[in-house]
Amino acid sequence: MAKKIGHGLIIAVLILFAVIIFLPLIWMVLTGFKTNKELFLEPWKLPEVWQWRNYLDAWNAGIGTFFKNSVIITLGSTVFSTLLACFAAYPISRIKFTTKKLWVIIILGGLMLAPQSAVISLFKMAKVIGLYDSYLGMMIITGAFRIPFATFLIMTFYKDISVSLDESAFIDGAKTRQVFWKIIMPLSKPIIASCAIVSFRAVWNELMFANVLLESTAKKTIPVGLVNLQGTTTTNWTMLMSGMVIASVPLIIIFLILQKQFIRGLTAGGVKG
Amino acid sequence: MNRKGSKKTAFIYLAPAMAVILVFLYLPIILNFMNSLYKWGAMSTEVTFVGGKYYQQLLEDETIRVALKNNLVFAVVSVACQIGLSLVIAAVLESRFLRKWQSVLRTIYFIPSLLMVTVTGIAFKMLYSPSIGLINPFLEKLGIDTSGIDILGNAGSAIFGVAAASQWQYIGYTVVLFIVAMQSISEDIYEAAEIDGADAIQRFFRITVPMMKDTIMINMIIVVTGAVRVYDEVYVMTNGGPGRATQTLATYLYQVGFKNDQMGYASAIAFFVFIVTFILGLFQMKGYDLGDD
């Protein structure tokens, strides 16, 4: 009996915690459908009339453009970093050669380098080599910071693919290139998906580089765009909320569809054993 | 396999990633150190060599002390919540009587970590606001006088308000991570302990925690490193204010460099951030199994 009560209590606490987590989310979504007047007077009531217009207004107030920019930059950066990581992980997990340890240290050492300590140099470099205020610059620089972790993730996976697969292919006269594209890559689809999702999340949410490396409003990404919309003197709060919901939807959809790959990718760097 | 020309093949596959990493990750750190020895700005063409002057300035700068304190607050709060509390929640969710609730609860807990820090930041800024927010009216319902409460507006409470929003966002993330780690602990050990009469709390401290030692260590380092790097939360919610009360190393270097255009001094701060995160990173690396063949 005491045990039953104890269990009930624990469940109640966990549900309360879930409510604390969930309330701000619901409030955000509801507010996105209200008028500004309703926000101030009746924060918890359902909107009198669901203001779908807010979404259209937010989209037209710049979120549409920022969304497009975010999609371009995030996709570019994800493809770029994942592909390079797939290449780099191949020799360090499946080919024996003398200087390997050095290269592994250089790649994984990149995990220790904080973007915050490189941002000023990268700003200066970007200006000199023409990557400032450009999609390409954002793709390469945000992508570069994804490569160490992506390589780590893919390398661990490649190591578990049986070596005899490569060996029998080589005996049949296959080239390394064929082994890589025809055997290793198809087998690695699950980890490539995980890896791409993790990078997508990181770049989609990235604020600092976007803030520093992009100048023209027409090229800015959603995180920077939202901060700017918030900074305008007559902030239209409910419209801003709709913009925030729009910004959050892509990742939540990806998560709900690809939950398994998502969790594997996110936990791979933090779980040992 | 020891095939002819395997070294050359290896380099062909490594070269693109290597080039990008060396140019965009390592080179900036070296350049950053050189930049910190000069007085320069993005708006001016004047460049003067000042040597170690900015490092001297760093030691005497009051704002650096404020920033360090705030980074420390962030680290302590984050470790308590995202390691301590998350570990307990994960262990509870893994108990048998909760198995059928687990997937719903952990999905709910996890969702905030999918949001942009920008979104979380703006949302909490609004929630905290005395005029349009919900926190103050709620406290009033509990009978607390809120006339003096402006969480982000008061220098004393602002950093805690920012840190709290960050915990709301990331606790669920480490809960899921710890659950994944716990699932690899063999069920037999728990059953044996149960037969020997160990209760849930004993099982947590005697089995779960020791078995997860490495995972806990790695994540502690990741969380602390994140606290040293923290930028987005503060930039969005308070921009370092009121005054300089919530300035962190990263937001301060941003302000010094990009707002005050003292790029040399900002580079010195950036180099300091590099040293701290690099040392933390070395510990993190030790935790990974990098077995290279």
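Start by selecting chain B: among its contacts between residues at least 6 apart in sequence, 70% join residues at least 24 apart. Contact here means that the C-beta atoms of two residues, placed from the backbone, lie within 7 Å. What you have open is a predicted model, where local features need pLDDT of at least 70 and side-chain atom pairs count only at pLDDT 80 or more, while totals for chains, interfaces and linings use all residues. Residues are numbered from 1 along each chain as its sequence is written, with chains lettered from A and ligands numbered from 1 in the order in which they are written.

**Chain B, whole**

Switch to cartoon and you should find 13 helices and two strands in chain B. Both kinds of element are DSSP runs numbered from the N terminus: H or I over at least four residues for helices, E over at least two for strands. Draw a box along the principal axes and the C-alpha trace of chain B spans about 80 × 75 × 30 Å. Of its 293 residues, 42% are buried, meaning that 20 or more other C-beta atoms lie within 10 Å of a residue's own (12 or fewer is exposed, in between is partly exposed, and C-beta atoms are placed from the backbone).

**Stop at B:Leu93**

Now pick B:Leu93, in helix 3 (residues 62–93) of chain B. It counts as buried because it has 22 C-beta neighbours inside 10 Å. Leaving out residues up to four places away in sequence, B:Leu93 touches B:Leu98, B:Gln102, B:Leu105, B:Arg106 and B:Ile179. For a long distance label, try B:Lys8: 85 residues apart along the chain, the C-alpha atoms of B:Leu93 and B:Lys8 are separated by 51 Å.

**Over to chain A**

Chain A has 13 helices and zero strands. Its C-alpha atoms fill a box of roughly 75 × 70 × 35 Å along the principal axes, and 46% of its 273 residues count as buried. In chain A, 79% of the contacts between residues at least 6 apart in sequence join residues at least 24 apart.

Next, select helix 11 (residues 222–231) of chain A, where seven of the 10 residues are buried. Among them are A:Ile222, A:Val224 and A:Leu229. Show what surrounds this helix: its buried residues pack against helix 3 (53–94), helix 10 (208–213) and helix 12 (237–257) of chain A, and also against helix 5 (117–128) and helix 11 (232–237) of chain B.

**Where the chains meet**

Which side brings how many residues to the contact? Chain B and chain A supply 77 residues each. On the chain B side, the largest share is 18 residues, from helix 1 of chain B. Colour that side by type and you get 55 nonpolar, 15 polar and seven charged residues; here Ala, Val, Leu, Ile, Met, Phe, Trp, Tyr, Cys and Pro are nonpolar, Asp, Glu, Lys and Arg are charged, and the others, Gly among them, are polar.

**Last stop: the core**

Finish with the largest nonpolar core, 156 residues. Such a core is a set of buried Ala, Val, Leu, Ile, Met, Phe, Trp, Tyr and Cys residues joined through C-beta atoms within 7 Å. Residues with the most contacts inside it include A:Ala85, A:Ile154, B:Leu253 and B:Val273. Helix 7 (residues 155–182) of chain B gives the most to this core, with 14 residues. Zoom in on B:Val273: apart from residues up to four places away in sequence, B:Val273 touches A:Ala114, A:Gln116 and A:Ser117 as well as B:Val228, B:Leu249, B:Ala250 and B:Leu253.
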